[in-house]
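Here's a quick briefing to read alongside the model. Keep the sequence and the 3D view open as you go.

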Amino acid sequence: MTTTQTSVVQDLGTLAHRLSHPAGARCVCEPPQVLADRPDGTVVRSGAIVAKAHAADSDHEALAARIALAAAPQLTGILLPPLTAPGRSLTAPEPSGGPQHPEPSEPPAPAPRPVTLWPLGAPVDPSDPEAAPWAEAAVLLARLHRTEPPFRLPAMRGPAKAARAVARMRAALPGDPAVLPVLAGWRALPAWARGEVPAPVRRSGFLCHGDLHLGQLVRHPAPDGPWLLIDVDDAGTGDPAWDLGRPAAWYASGLLAPEDWFVFLDAYRSAGGPAVPADGDPWPELDVPARALTVQTAALALAKCAAEQRRPDEHEQLMIESCARIATLPPELAADHAS
């Protein structure tokens, strides 16, 4: 971890501790815990508070709108609400006083990365795949997609993230033939799925999460509260099928068991989700997002393998091979998905 990363983690721990620690109480807190540390999001927990430093290149106005969305009454019971008040500057609160852990004399917010504060939730247990809340995730998505946007929002960032993943792969492996299957899959996508043009009009006005996977669910209040969606950094308006794209891609590549996929799809349909027809074949709507997220996953896997100087593991290799396969097949492009 670099000196800058260490400073960010320490500052976030200080911020979370100040909010979770009762003023004037004797401090018996455990040290802050790093939950994630990536350029696009460093997350640190202290007690029942989670502090997140968002990407340094975040659009602050768009991020503020997304945080306000998570706090909107219309999204109660769907999105985890922030502790950061919407409309305020996305920086750390002032200290509340009272004894604290040893801290810098003037702990700065980890500028220029904007900071938000959240209540702690209990995540999905990765060691118990049979208990994965696929049905609950699907119902939350359906409710999100059915909710009228409460105010003007930026576009959902899913396609833009896929493009960034491909760019990261290219930078990590310039001229390497290993990237060719992934690039072939990428070129086979319509322009909207590559983030080059807006999504088709009829499919672009829905509230979307933008980065759905099981790591984006927590129980709140922990440990037994209802499931809620977290991480709104990519949320906005767009094609709701994108939020089903990652589970669809995993199912198509063999990473997600058919029974789990059908539990997810049936629960989404039963809850009135608009991304796919209520019955019949869902793939005309899911095909493009599933392909795009296959490419994104494979691109990130290759970039990570290059950084760690290792070969792809079994799951990563499956996604890379899927890119080669999908590049040779004609996409099931419905009229609404044509670029």
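The largest cavity comes out at about 30 Å³ in volume. Bear in mind that this is a predicted model. If you're hunting for enclosed space, the structure holds one cavity of 30 Å³ or more.

**The cavity lining**
- The residues to click on are G210, D211, L212, W242, D243, R246 and L293, which line the largest cavity.
- By chemistry, that lining splits into three nonpolar residues, one polar and three charged.
- Helix α6 is the top contributor here, giving three residues to the lining of the largest cavity.

**Helix α3**
- Helix α3 runs over residues 134-146, so to speak a 13-residue stretch.
- From first C-alpha to last, α3 reaches 18 Å, close to the 18 Å expected at 1.5 Å a residue.
- Quite a list of α3 residues is buried: W134, A137, A138, L140, L141, A142, L144 and H145.
- What covers those buried residues? The cover includes three strands, β6 (206-208), β7 (217-219) and β8 (227-229), along with the helices α6 (241-253) and α7 (258-270).
- α6 therefore turns up under both headings: it is part of the cover on α3, and it gives the most to the cavity lining.

**Cysteines**
- How many disulfides does the structure hold? The count is zero.
- C305 counts as buried because its relative accessibility is 3%, under the 20% cut-off.
- C323 is buried too, since its relative accessible area is 0%.

Conventions:
Residues are numbered from 1 along each chain as its sequence is written. This is a predicted model: local features need pLDDT of at least 70, side-chain atom pairs count only at pLDDT 80 or more; totals for chains, interfaces and linings use all residues. Side-chain values use heavy atoms; hydrogens and water are left out. Helices (H or I, at least four residues) and strands (E, at least two) are DSSP runs, numbered from the N terminus. The expected span of a helix is 1.5 Å times one less than its number of residues. Buried means under 20% relative accessible area, exposed over 50%, partly exposed in between (1.4 Å probe, protein chains only). Contact means heavy atoms within 4.5 Å. On a 1 Å grid over the protein atoms alone, a cavity is a set of points where a 1.4 Å probe fits but cannot get out, and a pocket is an open set with protein on both sides within 12 Å along at least five of seven lines; lining residues have an atom within 4 Å of a point. Grid points are joined across faces, edges and corners, and a volume is the space filled by probe spheres set on the points. Ala, Val, Leu, Ile, Met, Phe, Trp, Tyr, Cys and Pro count as nonpolar, Asp, Glu, Lys and Arg as charged, and the others, Gly among them, as polar. A disulfide is a pair of cysteine sulfur atoms within 2.5 Å.
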